[in-house]
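Thanks for sharing this one. Here are some notes to read alongside the coordinates, as numbered points.

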Amino acid sequence: MARINLLPWRAERRKQRQREFYTMLGMAAVAGVLLSLLLYFYYDGQVGGQNARNAYLEAEIAKVKEQNKEIERLDRQKDRLLARKQVIEELQGKRSQMVHLFDALVRTIPDGVVLTSLKQEGETLTLEGRTQSNARVSTYMRNLEGSGWMSNPELSVIEAKAQEASGSAVDIKSLPYVFMLKVKLPAPGENTGAEAAPAPAPAEGAAPAAPAAAGAAAPAADAAQPAGGAPAAAQKEARP
């Protein structure tokens, strides 16, 4: 006998498929939510870790900046101490330099030359005085060049000039010329070996200064030089 199903099986199957679809849709939605939560917590953890590292780096950078400021302060203090040390060394060197300088001035000045003024400006020493003749000044410049404590002598002025009334004991008849020359002083520490070097002796041909009472002949001859045969350079310097 044949069986005939008269129930609405198509509708039942449709409902079953709908239930399966909604179930799968719900599971997919739940899985998507879970995946979103996992991604959120993962990236939130990454961002939090990076922020922590950034905060740590900023703190370390601040420490390094403080250390750099301390280093700069120490460098400035070091520069000040080195500057003071250099000044002290220069003063220490100049203290002995002045002694040797005056000793060299005494040992290098020839007969017939008298110094009337000394002036120092930095490393330049200006010497002014009176002399018997141009040859005496040339001898003096050679002695200064070979002294070891003065160098590069430059003659600025040499001229026949009357002595002013100042009560000086210099004899105008025997020292008619006025001269001014400049020499360069060495920096402290340059002439460490100059102490053992003897000062050059005056030139062999330099005649001693004649006394005021005994030797009027030689000074008179030197004094007469500008009127007759004075060198051309001396005459040019003596012109007004």
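1. Let me start with Gln120, which lies in strand E1 (strands are DSSP runs of E with at least two residues, helices runs of H or I with at least four, both numbered from the N terminus). Gln120 is partly exposed, because its relative accessible area is 39% (under 20% is buried, over 50% exposed, and partly exposed lies in between, with a 1.4 Å probe and protein chains only). Leaving out neighbours within four places in sequence, Gln120 touches Met98, Leu125 and Leu185 (contact means heavy atoms within 4.5 Å). Gln120 and Leu185 are 65 residues apart along the chain, and their C-alpha atoms are separated by 9.2 Å.

2. A word on the basis of these notes: this is a predicted model, in which local features need pLDDT of at least 70 and side-chain atom pairs count only at pLDDT 80 or more, while totals for chains, interfaces and linings use all residues. Residues are numbered from 1 along each chain as its sequence is written, and side-chain values use heavy atoms, with hydrogens and water left out.

3. Now the sheet. It is open, with 4 strands in the order E1-E2-E4-E3 and antiparallel pairing (two strands pair if DSSP finds at least two bridges between them). At the edges are strand E1 (113–121) and strand E3 (151–160), each of which pairs on one side only. From one strand to the next, the twist averages 20 degrees (axes are lines fitted to C-alpha atoms, for helices over the stretch in contact, and angles run from 0 to 180 degrees between N-to-C directions).

4. Which residues can you use to check the register? Strand E2 (residues 124–131) and strand E4 (residues 177–184) are joined antiparallel over 8 bridges; among the partners, Arg130 is matched with Val178 of E4 and Thr126 with Lys182 of E4. E3 and E4 are antiparallel too, over 7 bridges, and Ser151 stands opposite Lys184 in E4.

5. Helix H2 (residues 134–145) lies across E1, E2, E3 and E4, and runs at about 165 degrees to E3.

6. Please look at the backbone of Asn152, in strand E3. Its phi is positive, about 50 degrees, although Asn152 is not a glycine. Most residues other than glycine have a negative phi. Asn152 counts as partly exposed because its relative accessibility is 45%.

7. How many salt bridges does the structure hold? There are 5 (a side-chain nitrogen of Lys or Arg within 4 Å of a carboxyl oxygen of Asp or Glu). One of them joins Glu60 and Lys63, at 3.7 Å from N to O; both lie in helix H1, 3 residues apart, or about one turn. Another links Lys85 with Glu89, whose closest N and O atoms are 2.5 Å apart. Lys85 and Glu89 are separated by about one helical turn because they are 4 residues apart in helix H1. Lys119 and Glu121 also meet in a salt bridge, at 3.7 Å from N to O. Lys119 is partly exposed at 46%, whereas Glu121 counts as exposed at 52%.

8. Finally, Val30, Val33, Leu34, Leu37, Tyr40 and Phe41 form a nonpolar surface patch with about 620 Å² of accessible area together (patch residues have over 30% relative accessible area and no salt bridge; like charges are joined within 9 Å, and nonpolar side chains, namely Val, Leu, Ile, Met, Phe, Trp and Tyr, within 5 Å; areas come from the Shrake-Rupley method with a 1.4 Å probe, and for residues only the protein chains shown count as cover). Within this patch, Tyr40 lies in helix H1 (residues 9–108) and counts as exposed, at 52% relative accessibility.
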